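Let's work through some short exercises on aromatic rings and on one helix. Have the viewer ready and try each task before reading its solution.

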Amino acid sequence: MVAILLGRAAPQRPAMRAEYEPLMQRARDFLGLPHHYDQEVLNAHFAGRWDHLPLAMHWKPYWGVEWSASIVHFHGPKAKDARRLAAAPPGDDLLGQLYRRDPRGYAHFLRFHDMAARAHEHGERIGPATLAPLRLEAAIDSGGRALRRLWSGLRALAPTAPRRGEPTHRLPPEATCAEVATLENFDERAYLYANPDVAESVRRGCIFSGRAHFARYGRIEGRVQMIPRDILATPANFDAEAYVARNPDVAFLIARGRYSSARAHFERRGRAERRRQLTRP
């Protein structure tokens with residue numbers, strides 16, 4: 001994992017120091033065992049004592065520019081990968097797909113990455129004055145996104161004429177249990193899940209919400225919605241396709257060669273992490 005700390009987070013350093021020696025001892029105990037990397041050691045050492053971070057403390061560059069980000073995780077394309085992809089058209093591999101989600105986000109956070117690398121090389125600390133220009137740039141970008149969402153929401157209130165033509169969306173492969181969205185049954189989460197193009201437009205600030213899209217376009221296009229039904233994955237009910245569909249990061253790890261299959265990930269990590277899988281309709 002490659003991450004950069006942007007100055008807003010306040011780690012509990014005394015607690016971390018207290019964990020350091022036991023963690024290193026566990027890492028030495030695991031040394032040489034097959035399929036045990038940094039994450040597996042952390043999972044074993046902190047079993048039952050971890051929780052999910054707020055998004056601002058686990059931000060990813062392909063989510064775009066975000067002024068409130070405290071810790072940025074270069075998940076997928078690392079810094080050198082992002083530079084390579086910026087210099088040449090990205091391919092259809094997983095790294096290229098992630099980079100294409102938001103090249104602007106990578107360009108923005110690579111500047112933080114380079115600043116941190118230079119400071120580390122010279123043994124210097126990065127002060128608020130040094131970060132201020134990039135923070136301001138991110139705040140302006142985030143403000144513009146909020147304004148675009150507001151404008152899209154106001155536009156959605158205006159009446160619109162029916163649009164003719166076939167729907168252009170593609171459903172997730174497990175969407176056989178989807179239902180047509182109506183005014184009576186509309187559910188924001190279910191609508192965005194079944195319509196990833198709408199979810200992406202909301203994330204980028206091009207439209208205010210899934211409901212705004214439904215009111216203006218989706219109702220006439222006959223868009224569907226679905227809440228993915230999931231269950232805890234166990235050795236008895238394990239379903240590889242349902243597991244990957246519920247945990248898309250596993251597909252990335254398999255493609256990178258970290259795991260040979262979804263079952264291998266489940267046995268080594270997913271079971272301890274209490275991962276879930278989709279249910280079959």
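The exercises below use this model, which is predicted.

**Exercise 1.** Find how many aromatic pairs the whole structure holds, then classify the pair Tyr99 and Tyr106.

*Solution.* Start with the count: a search of the whole structure gives 10 aromatic pairs. Next, take Tyr99 and Tyr106, whose ring centres lie 5.2 Å apart with 35° between the planes. Planes under 30 degrees apart would count as stacked and those over 60 as edge-to-face, so the remaining class is tilted. The Tyr99 and Tyr106 pair is therefore tilted. To finish, check accessibility: both of these tyrosines are buried.

**Exercise 2.** Repeat the reasoning for Phe186 and Tyr191, and say which residues ring pairs link into a cluster.

*Solution.* The centres of the Phe186 and Tyr191 rings are 5.1 Å apart and their planes meet at 50°, so this pair is tilted. Phe186 and Tyr191 are both buried. For the cluster, look at Trp59, Tyr62 and Trp63, which ring pairs join together.

**Exercise 3.** Work out how the buried residues of helix α3 (residues 79-87) are arranged, and what they pack against.

*Solution.* First list the buried residues of α3: Ala79, Asp81, Ala82 and Leu85. Now look down the axis of α3: these buried residues fall within an arc of 160°, so they line one face of the helix. Turn to the face pointing away from that buried side, and you meet the exposed residues Lys80 and Ala87. Lastly, follow the contacts: the buried residues of α3 pack against α4 (94-101) and α5 (103-121).

Technical notes: Residues are numbered from 1 along each chain as its sequence is written. This is a predicted model: local features need pLDDT of at least 70, side-chain atom pairs count only at pLDDT 80 or more; totals for chains, interfaces and linings use all residues. Side-chain values use heavy atoms; hydrogens and water are left out. Rings of Phe, Tyr and Trp (its six-membered ring) pair if their centres lie within 6.5 Å; planes under 30 degrees apart count as stacked, over 60 as edge-to-face and the rest as tilted. Buried means under 20% relative accessible area, exposed over 50%, partly exposed in between (1.4 Å probe, protein chains only). Helices (H or I, at least four residues) and strands (E, at least two) are DSSP runs, numbered from the N terminus. The arc is that of the directions from the helix axis to the C-beta atoms. Contact means heavy atoms within 4.5 Å.
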